[in-house]
Amino acid sequence: MNQLQNSRYPSIEQMTSQYLEGTGKSKTTHVSRETGLSFQQILEEKQAQTGGLRFSKHANERLASRNIQLSEEQRERLSGGVDKASQKGIRDSLVMVDNMAFIVNVTNRTVITAVGEGDDKVFTNIDGAIIT
């Protein structure tokens with residue numbers, strides 16, 4: 001009975017293949033309707049704008065909830081601090097920019113959290129600090 005059911009219905013892989021062939025898309029390239037750019041191109045463009053830094057969902061929430069605004073110059077200094085940390089072999093770093101502190105996973109170039117003035121300033125699980 002199981003074999004009969006399997007032969008009557010196509011597999012997910014077969015359906016995906018049929019769908020992608022019908023739309024002219026490949027499995028790995030998804031193109032934005034608005035910009036005509038692939039996801040990879042959009043990601044690379046955004047990373048170039050932030051010096052290759054990404055902000056985790058948690059970090060974005062902290063920036064918003066703590067009303068932390070980063071100027072372009074401060075973003076460049078943050079990115080430069082991550083570069084310095086990488087050169088020193090630091091994996092998880094505290095990067096200080098003016099009166100703001102950022103915990104960054106240097107390997108992934110991802111800002112994990114952000115702390116502004118008036119917030120508690122206790123940092124754990126870091127293996128280096130950069131003050132820019």
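**View 1. Five strands of this predicted model line up as an open sheet.** Reading across, the order is β1-β4-β3-β2-β5, and the pairing is mixed. At the edges you'll find β1 (54-55) and β5, each of which pairs on one side only.

**View 2. Here we zoom in on β2 and β3, an antiparallel pair.** Strand β2 covers residues 92-97 and strand β3 covers residues 100-105, and 6 bridges link the two. To pick out a bridge, start at Met96: its partner in β3 is Ala101.

**View 3. Now for two helices, α4 and α5, and the strands they meet.** Helix α5 (residues 72-87) packs on the sheet and touches β1, β2, β3, β4 and β5. The direction of α5 makes about 145 degrees with that of β2. Helix α4 (residues 57-65) lies across β1, β3 and β4, and runs at about 25 degrees to β4.

**View 4. Asn67 and Arg109 each have a positive phi without being glycine.** For Asn67, phi is near 50 degrees; for Arg109, phi is near 55 degrees. Asn67 sits in the loop between α4 and α5, while Arg109 belongs to the loop between β3 and β4. Asn67 is exposed, at 58% relative accessibility. Arg109 has a relative accessible area of 18%, so it counts as buried, the cut-off for that being under 20%.

**View 5. Last stop: Thr124, in the loop between β4 (110-115) and β5 (128-131).** Thr124 has a relative accessible area of 55%, so this residue is exposed. Look for Leu94 as well: Thr124 and Leu94 are 30 residues apart in sequence, and their C-alpha atoms are 9.4 Å apart in space.

Conventions
Residues numbered from 1 in each chain as written. Predicted model: local features only at pLDDT ≥ 70, side-chain atom pairs only at ≥ 80, totals over all residues. Heavy atoms only, no water. Helix = DSSP H or I, 4+ residues; strand = E, 2+ residues; numbered from the N terminus. Buried < 20%, exposed > 50% of the residue type's maximum accessible area, 1.4 Å probe, protein only. Pairing = 2+ DSSP bridges. Contact = heavy atoms within 4.5 Å. Axes fitted to C-alpha atoms, helices over the stretch in contact; angles between N-to-C directions.
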